[in-house]
Amino acid sequence: MAGAANQHQTPESPPLLLLHRFPSFNLYFLPFLQTKYTVLDPFADPPDPSFPTLSKSARVMLCFGPTPVTSEDLDRYPSVEYVLGTSAGINNFDLAACRRRGIRVTSAGDAYSDDVADYAVGLTIDVLRRVSAADRFVRAGSWPVQNEYTLGSKVSGKRVGIVGLGSIGSRVAKRFEAFGCSIAYNSRKQKPHVTYTYHANVKDLASDVDVLIVCCALTNETHRIINKDVMTALGKMGVIVNVGRGALIDEKELVELLVRGEIGGAGLDVFENEPHVPEPLLTLDNVVLSPHKAVLTPDSFAALEELVRSNLEAFFSNQPLRAEVELN
Amino acid sequence: MQMCLTETERVLSTEMENVGVLMTCSMSAYLERELEKRFKLFRLWESNSKAQFLAGFGESIRAVVGDTKVGADAELIDALPRLEVVASYSVGLDKIDLNKCRERGIRVTNTPDVLTDDVADVAIGLALATLRKICNADAFVRSGQWRNGDFELANKFSGKSIGIVGLGRIGTAIAKRAEAFGCSISYHSRTKKQNTNYKYYSNAVDLAANCEVLVVACALTNETRHIVNQEVIDALGPKGILINIGRGPLIDEPKLISALREGRLAGAGLDVFENEPDINESFFGLQNVVLLPHVGTDTVETSKAMADLVVANLELHFLKKPLLTPVV
């Protein structure tokens, strides 16, 4: 049951569950967790007097969203053996520090993948067919005045390039195939049972496609993987859609290329410094902007809740964990 | 269009320069240019008085090129005694008096197939934009609201049950795309289709009662006017989404607006309206609707393909060859 014995804990007490979050972050199913676990919240209001001591005995840390888990955090909570993330991304974790301490890590796994893939397709259609821009045009009362609207670009049959053919990327591919699009991809390694065209580097991929969908994990290797060379290779008619992390793209460069018309358009759900969005983008019609919401549906949250509940039970009963992050 | 011409055809081809073709409204600069190269082009919208124009030039017109805005009604056809062919820059025929054409032995062509993909793409784009609130989110970012907090939850698209009114070329293309998102498909058509496994409903109310997203993709005829009426809207229900890429009059628009305003329908994505381009201003006050200015086929690629098909049909007619896409 509970980990190291502690004067505040009896063997019958529910296991300790340490929360790790920014003050403004909440988890809607926290009340449920509070019925099964002794939840330790650093931002409890009023403050929990037992937090400083009990937190040192907690074996499990539940990390909300993008809250960073650093080596210093892990020093502060020396009993932690398992960190649960609630994002698909794990770039906010110091994985090397976790590995050194033998700490296991799980993410949101596939919980959000359908929703994020849907969103990537939705953003692509919006950019190419100018959906948001046209909606603005109509709402402004411009249709009777201007009569015609700017032509868009056909989605069906476009060549789609996927950066990161993982859980999200493979779902994006399946969806675009139904639009008669050809699929090419770049991944760390070529996938053995996949018939899509593989490119060993992103620049080659970009020069071979019309639309580039960025949905890979953010790591040291993928930081600014979409750089000026890649975007130039994509070309004047090319469209970029990013549902990964802002830092996957050289944002300053992207903005310049968009403003100068050297790239066709972009659909962006993530940015380098959220919630800050570069000013020049706010007035462009060939750009669709989104406030990091690709996972914000009740279905994704329900899937996350199910995963968190099941992984907590599994951990405390020594069962295998789902969506475990490979640290080696 | 390259054709090997016989001597007769060469003669007919030269004579084509004198064939009077009447374009009803400004629909495509490219189409205008191509028609002008081959025929004697008259632009109805440039004359101060339609009556005067017809009185003066009516006898010279042997072909009419119309579109979804201005077609060929009985009045126009009656004013053109030498009219032989009406080539519509559209697949929809609701603006053409087909019975009159049959009576007079006038041929009618439209532009099927070349625009199927584009319209299906917009249908899916509208469903995604409506369910996932893409346009609202874009406005949220542009107005600076992201700085103050996160966007609200939206709704998942994958796995939703889709009901299609009219399983023709476009309806089928929509179904194919939706299936890649794990959606189940059902439909209502005049008759049950033999070559499909989708579930059939003999009326629109039952279809609406059994799906979450209702897509209107049928032709506008006397029978289908207001096929989506109060009963159908009620059956679709407060969580239902309505998508229309057919014709505005297929839906009882005032009933739709009330339902959206009062939350008896969750949302709508509309490319067509009862009174284009002066659409009902009540739409502008609604946040749960996406409004497009009839752009279903408005891409560079498809506009050209449609125009080429119109020109080809006209050329073939005046060369006395079989038409490519005749309706009458």
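User: How exposed is B:Glu262, as a relative accessible area?
Analyst: Good place to begin, in a model that is predicted! Accessibility is judged with a 1.4 Å probe on protein chains only: buried is under 20% relative accessible area, exposed is over 50%, and partly exposed lies in between. B:Glu262 counts as exposed, and its relative accessible area is 53%.

User: Which residue does B:Glu262 meet in a salt bridge?
Analyst: A salt bridge here is a side-chain nitrogen of Lys or Arg within 4 Å of a carboxyl oxygen of Asp or Glu. The N to O distance for this one is 3.0 Å. The partner is partly exposed, at 29% relative accessible area. The side chain that meets B:Glu262 is that of B:Arg264.

User: Which residue of chain B belongs to the salt-bridge network that includes A:Asp110?
Analyst: Salt bridges that share partners join A:Asp110, A:Asp114, A:Asp118, A:Arg171 and A:Arg175 with one residue of chain B. A:Asp114 forms one of these links across the chains, at 3.7 Å from N to O. The chain B member is B:Lys156.

User: How should I read the numbering, and what is the lowest pLDDT for local features?
Analyst: Residues are numbered from 1 along each chain as its sequence is written, while chains are lettered from A and ligands numbered from 1 in the order in which they are written. Side-chain values use heavy atoms, without hydrogens and water, side-chain atom pairs count only at pLDDT 80 or more, totals for chains, interfaces and linings use all residues, and local features need a pLDDT of at least 70.

User: Why does the salt bridge of B:Arg132 and A:Asp115 join two chains, and which helix holds A:Asp115?
Analyst: The closest N and O atoms of this pair are 3.6 Å apart. B:Arg132 lies in helix H6 (residues 116-132) of chain B and A:Asp115 in a helix of chain A, so the pair joins two chains. Helices (H or I, at least four residues) and strands (E, at least two) are DSSP runs numbered from the N terminus. B:Arg132 is buried at 0% and A:Asp115 is buried at 1%, the latter lying in helix H5.

User: How much area is buried between chain A and chain B?
Analyst: Buried area is the accessible area (1.4 Å probe) that two parts lose on being put together, summed over both. Carbon and sulfur atoms give 61% of the total here. A:Arg129, A:Arg139 and A:Trp143 supply 16% of the area that chain A buries against chain B, more than any other three residues. The whole buried area is about 4,800 Å².

User: How many residues does chain B bring to the contact?
Analyst: Contact means heavy atoms within 4.5 Å. Chain A brings 56 residues to it. There are also six salt bridges between the two chains. For chain B, the number of residues is 59.

User: Which residue follows the cis peptide bond of A:Asp45?
Analyst: Most peptide bonds are trans. The bond from A:Asp45 is cis, with omega about 5 degrees. Its partner is found in the loop between strand S2 (38-40) and helix H2 (51-54) of chain A. That residue is A:Pro46.

User: What is the phi of A:His292?
Analyst: Most residues other than glycine have a negative phi. A:His292 sits in the loop between strand S12 (287-289) and helix H12 (298-316) of chain A, and is partly exposed at 30%. Its phi is positive, near 40 degrees.
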